There are 2 protein chains.
Amino acid sequence: MRTDIERFFSPKSIAIIGASQDLVTISGQPLKHLLSHGYKGKLYPINPKYPEISGVKCWPSMESLPETPELGLILVNATRVADMLTACGKKGIPYVIIFSSGFSETGGQGVAMQQKLADIAKEYNIGVIGPNCQGMINPAAAVYAGFGSVFNADYTAGSVSMVSQSGGFGFSVMNLSSLDGGLPFRQMVTTGNEIGVSTLDFMEYFIRDPQTDIIGTYIEGVKDARRILDVGDKALAAGKPILMWKVGNTEQGQKAAASHTANLGGAMALYKAAFRQKGIIQVEDIQDLVDYGHALRSNRLPRGNRLAIITISGGAGILMTDEIVAGGMQMAQLAPETVAKLKEFVPSYGSVGNPVDVTAAIFNDLSLINRTLQAINDDPGVDCIAMINASLQGEIAQKVAAEIVMVAAQTDKPIFISWSARDAVAPEAYAALDAARIPHYKSPVRCGRALAAVSWYAEAKRRNEAQKNDKAPVIKRPAAQAMLKGRTGDVAEYAAKQVLAEYGIPVTQEQLATSRDAAVAAAQKIGFPVAMKVQSADISHKTEAKAVRLNVTDAAGVAAAFDEILKNAKAYKADARIDGVLVQEMVGGGIEAIVGITNDALFGPAVMFGLGGIFAEVLKDVSFRLAPITPAMAREMIEEIKGYPVLAGARGKPPADVDALTDALVKLSALAVDLKDSVAELDINPLIVLPKGKGVKAADALIRIKG
Amino acid sequence: MRTDIERFFSPKSIAIIGASQDLVTISGQPLKHLLSHGYKGKLYPINPKYPEISGVKCWPSMESLPETPELGLILVNATRVADMLTACGKKGIPYVIIFSSGFSETGGQGVAMQQKLADIAKEYNIGVIGPNCQGMINPAAAVYAGFGSVFNADYTAGSVSMVSQSGGFGFSVMNLSSLDGGLPFRQMVTTGNEIGVSTLDFMEYFIRDPQTDIIGTYIEGVKDARRILDVGDKALAAGKPILMWKVGNTEQGQKAAASHTANLGGAMALYKAAFRQKGIIQVEDIQDLVDYGHALRSNRLPRGNRLAIITISGGAGILMTDEIVAGGMQMAQLAPETVAKLKEFVPSYGSVGNPVDVTAAIFNDLSLINRTLQAINDDPGVDCIAMINASLQGEIAQKVAAEIVMVAAQTDKPIFISWSARDAVAPEAYAALDAARIPHYKSPVRCGRALAAVSWYAEAKRRNEAQKNDKAPVIKRPAAQAMLKGRTGDVAEYAAKQVLAEYGIPVTQEQLATSRDAAVAAAQKIGFPVAMKVQSADISHKTEAKAVRLNVTDAAGVAAAFDEILKNAKAYKADARIDGVLVQEMVGGGIEAIVGITNDALFGPAVMFGLGGIFAEVLKDVSFRLAPITPAMAREMIEEIKGYPVLAGARGKPPADVDALTDALVKLSALAVDLKDSVAELDINPLIVLPKGKGVKAADALIRIKG
């Protein structure tokens, strides 16, 4: 795989294979755009039909070119792409963009045709972008190598680099987000079906690229999803935030994604887990991208999540409060000294609480701004400041901006501004803020949202720093590996729990009985009351099969239950292979949790946590992390679910043993890694979480073997 | 109360009391703005200090004016406002805006000063707007009666009328939402502390006003909150949608609101209930207001919530799918004939599913647009259509717009467009869509969001139509009224259930025993096992007091439990007045629900529903409706909570008796209305919902009497 991607974005020469004289068509556009934006390198349109196009000499074939171009653009019909790619390979072209459609996205024959392209690329070590994509723009080098209306515009060169799996929409995003006070782009590329250079390859390059400081990404799904963790780590280390627009979040959206591209969707929950683990910021619209981008370019991260708001309009202060609290920040509690200071000059009909409302009185006394900002900035309980200027414009706006810039220069706390004046009526004020890289937004909602995003990122960064020396434990159990190797189907409770026990996860005391007498003896040894359940790899739903008895209190009961369970199991499924009846201690007085492993095709092993019954199954109140996880990460998983107060001791109940639960999750994660070649899924349902100090116990478990 | 509000917005003459020659200050601005925008009526600045201001004769006093102005603006210091208002009253001015701050928002003396203003207004029948507000704009009549930077701009007259409790932010909203392709305003007013004409008064006027077609509102909280239902009904009948921006949605936001204005916050859950009952559309940012406004101005409502998407960019189709599904719409299932038709011309690398992806192939064959639109529009399973045009611009954009306008003219289904080209590069296309009132948005996310809002409104409208002839039952029980009249404190279980029974809500079979023997006799009559609980108005938390026994299985047990319960109750609270011990049937095999009444200070009686335990208390998974409710509304409440699948029969359990639950909620609502003068709160916790056909039973209840 090629990694000299800077060559791709700044080629010294470009071959345009299948260039058309009709400049309106897809195959006519790339040459037109390269010319019109003043590309300085050498252009080689290739088409045996024409002697020239737009005054540029046209060549009959790849072989006829006088040199090896650094980039090839293939614009021919799908059936002819393989030949053209081979010609590129023979010529030694390092990078080729294949624009043509008609490959795996059409299914059927297209899949085989695409595989052939991948083979050719490999044979000649070509970095292929596409097929089924829309090209690339590098404004600084005037490389506009693609088609579509947005290629008509001229873009200012900047430091945001973006990769998009969607062509048309990706370039719309660039267009709308880079113009009119938006974000200047360093480079933008669309990847289509990704047979060669993938989204994550480009992201890795952007992290290395010294001229990139913010990375934008639009994805429907990536094939090498687990690599997100590695790329995320590198981005955190480089201090380059990733803004990620992941679509296909709903079931129907995923269906739409599947029918549209060759990329597998993958479970949104696992994407979210990966994003959270590595501080990858999710965006949900173009506005987010621009707003968060501006926020991040200020290059200031808050030390904590406590915000103070200064406003000249009370209403706007409320709005922003709503927004930042919903986004996970808190309103700072101002120190008594700060409040006392504010009382000296804030009008009585204003407010010295947080939000601090200095009111429209600033029209009569401008010094209010500076004094308030200073007082708030001096408060050690304030991590960042938002100032709301309503629609101030003209001269007063200019003065207010100057005050803000002055205070900002004396602090490293982030200062964000909500300012609703249109650009035309406060140009000097906005220019002053821009020059000082002080982010400003037209509405308090957008300002609050951007603040919350930056605060979330800063928190993720702190968390990753703090956890740097935490190691997720590694547990190797060759015996367990051997036991599952070559198995097919499900591993039922008794055996599944033996696997759990190998990794130190506490399980109920139990014994597998194959006769009535053995069952009675087992019950007497364990102590009454006991639970009894059929054990069969063919019966996953034991309750449905009426092959479970709980709270059996004496020997006669055990004997009767043994017979009945076997009878019911056979009635439920005549040919079920039955291992026996499991006799088990009854565990009382705990809270039921569900914990599990998903070994995802794209992400690999992940750990899941939720509360029992309805919580997980109906309300989907669960958390995920990609394995391996540290104790700190396990603790986050537990505290993250909405039902967490149940474990913390809601409704007068004693708090549950969250330490033991944390430990069980960490061990489960180690198991997930150690057995990732054989375990497809594992469910512990329920894991009984006993009161604090009493531990946890797996009361039932099932392992699904990789198919 | 004055209702001739059209006079307020179009006064023939205006007195400016306390006008200043310093045109930058708050008291100098109104005259400046009225003059600069070319107000055609007569202006009377009043200030004994000046002979004239800006060339307008200045009058020494109200008395000295040669006529009675139709509007007064009071700009003097708080302490002098009462005298000025009295002067206005004596002169007979119908409407007065009080801009001055320093009243109830400052607490203390300000409250009394504000009350005085209210008294004066009443005495002279003045319609007062404010105090502590920022004025009004009526662009058509050139009335710019207020202060602030946004008064510098010239606004195009239109048909959106807005009232805002926030001054500074309210006008920012008008400014940002009415310019640059936004919504043209008919009138905009801010209400401040609302001692006279309130937000809801203005809304009622906007409904009557023939030149208003959309109503915008920004509120922190309204004092006469129940009136929202009545105003909502009138707006639905008039076909004028209300766009409501309600802030203070989080606890901290409510705190900020409380410290900022004199308006009580009120519970957000009840506001949401009222909005839902009357199809009042909530907005959360300026962009929403503009986007939804454009959507509603198209004047087409979908017949159902099934959307078909046509796109030239697959990625954007996924995005919009996510958005509309999250917004409560569904993706239409295209008919086989439609799919067959589409297959004739959609390229194979596109998609004939929904979203229909016609791909960039339209660059080569423009007829794809028209044919696809026609085919989709002909499908009876499609209620509305969204078309995504990526960034098409120039000539092709113009042609595409013409095709859309043509198809739109032949159908009454809503057609929404997502089009990311900037205004400057597709002006003719956008103008064509605007002329045909076809809503278009720069991003698929915004387009999807606006569609979902319109679909939600249309659904609310259909629901209100359908329920027009449904009557909420009225139940009058003078006996129950008499029983609660004059009581204080809590009404404990036994008596509370007698009240419930009066209204036909099923309760457990039970008897209050005041002696051990009576308890045993009661248990024998009811049948074992029984539950036993202390009855005392002074002990609300019976379990905490260890004064509850469940599953008592025989007479000896009842006798022992009786003694123990009384002993524990006395130990818990020595001076508790104890009515006896309640002996009650045990109800098994049902699902625990919590239903209740909140008799809110602002909204009056409301009914609450949730599932037992954790669901309601930890997860806050509850629904509210303002009473009275019809059976259809009760059914919505039940189906609305996330935990509803539990009742419908999740996890292999039998479905619960939702009919009986519906009936109980309707009766509870009738009780809430009948007893609204005495009941502050009522909780039935739990209401046991038995399997289908078996009914419901209130197992415990508590009434809190109005304090």
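Where in chain B is the place of B:Leu484? The close-ups below start there, in a model that is predicted.

**View 1. B:Leu484 sits in helix α17 of chain B.** This helix covers residues 478-484. With a relative accessible area of 1%, B:Leu484 is buried. Look around the side chain and, beyond its neighbours within four places in sequence, you will find contacts with B:Val491, B:Val499, B:Leu675, B:Ser678, B:Val679 and B:Ile705. Another residue to locate is B:Ile703, which is 219 residues away along the chain, yet the C-alpha atoms of B:Leu484 and B:Ile703 are separated by 9.7 Å.

**View 2. A:Arg186 lies in strand β11 of chain A.** Is this arginine buried or exposed? A:Arg186 is buried, with a relative accessible area of 11%. Leaving aside neighbours within four places in sequence, its contacts include A:Asn138, A:Pro139, A:Tyr205, A:Asp209 and A:Gln211. The run from A:Gly158 through A:Ser159 and A:Val160 to A:Ser161 is also in contact with A:Arg186, as is A:Thr212.

**View 3. Chains A and B are related by a rotation of 180°.** Superposing chain B on chain A takes this rotation with 0.1 Å of shift along its axis, and the RMSD is 0.1 Å. That is the relation of a two-fold axis. To find the axis in chain B, go to B:Phe615, the residue of that chain that comes closest, with its C-alpha at 4.4 Å. The copies meet through the same surface, because 100% of the interface residues of chain B are also interface residues in chain A.

**View 4. Aromatic pairs number 38 over all chains.** One of them joins A:Tyr44 and A:Trp59, whose ring centres are 5.8 Å apart with planes at 70°, so the pair is edge-to-face. A:Tyr44 belongs to strand β2 and A:Trp59 to the loop between β4 and β5, so the pair ties together parts that are 15 residues apart in sequence. A:Tyr44 is buried at 1% relative accessible area, and A:Trp59 is buried at 15%. The ring of A:Trp59 has a further partner: the charged end of A:Lys57 sits over it, 4.4 Å from its centre. Elsewhere in chain A, ring pairs link A:Phe8, A:Phe9, A:Tyr95, A:Phe202, A:Tyr205 and A:Phe206 into a cluster.

**View 5. B:Lys278 and B:Asp233 meet in a salt bridge.** The N to O distance is 3.1 Å. B:Lys278 is in the loop between α9 and β14, while B:Asp233 is in helix α7, 45 residues apart. The two ends differ in setting: B:Lys278 is buried, with a relative accessible area of 14%, whereas B:Asp233 counts as partly exposed at 36%.

**View 6. B:Glu284 and B:Arg449 form another salt bridge, at 3.9 Å from N to O.** B:Glu284 lies in the loop between β14 and α10 and B:Arg449 in helix α16, so the pair ties together parts that are 165 residues apart in sequence. B:Glu284 is partly exposed at 43%, and B:Arg449 is partly exposed at 31%.

**View 7. B:Lys542 and B:Glu493 meet in a salt bridge of 3.0 Å, N to O.** B:Lys542 is found in the loop between β23 and β24, and B:Glu493 in helix α18, 49 residues apart. Both B:Lys542 and B:Glu493 are buried.

Terms used
Residues numbered from 1 in each chain as written. Chains lettered and ligands numbered in written order. Predicted model: local features only at pLDDT ≥ 70, side-chain atom pairs only at ≥ 80, totals over all residues. Heavy atoms only, no water. Helix = DSSP H or I, 4+ residues; strand = E, 2+ residues; numbered from the N terminus. Buried < 20%, exposed > 50% of the residue type's maximum accessible area, 1.4 Å probe, protein only. Contact = heavy atoms within 4.5 Å. Least-squares fit on C-alpha atoms with pLDDT ≥ 70 in both. Phe/Tyr/Trp six-rings, centres within 6.5 Å; stacked < 30°, edge-to-face > 60°. Lys NZ or Arg CZ within 6 Å of the ring centre and 35° of its normal. Salt bridge = Lys/Arg side-chain N within 4 Å of Asp/Glu carboxyl O.
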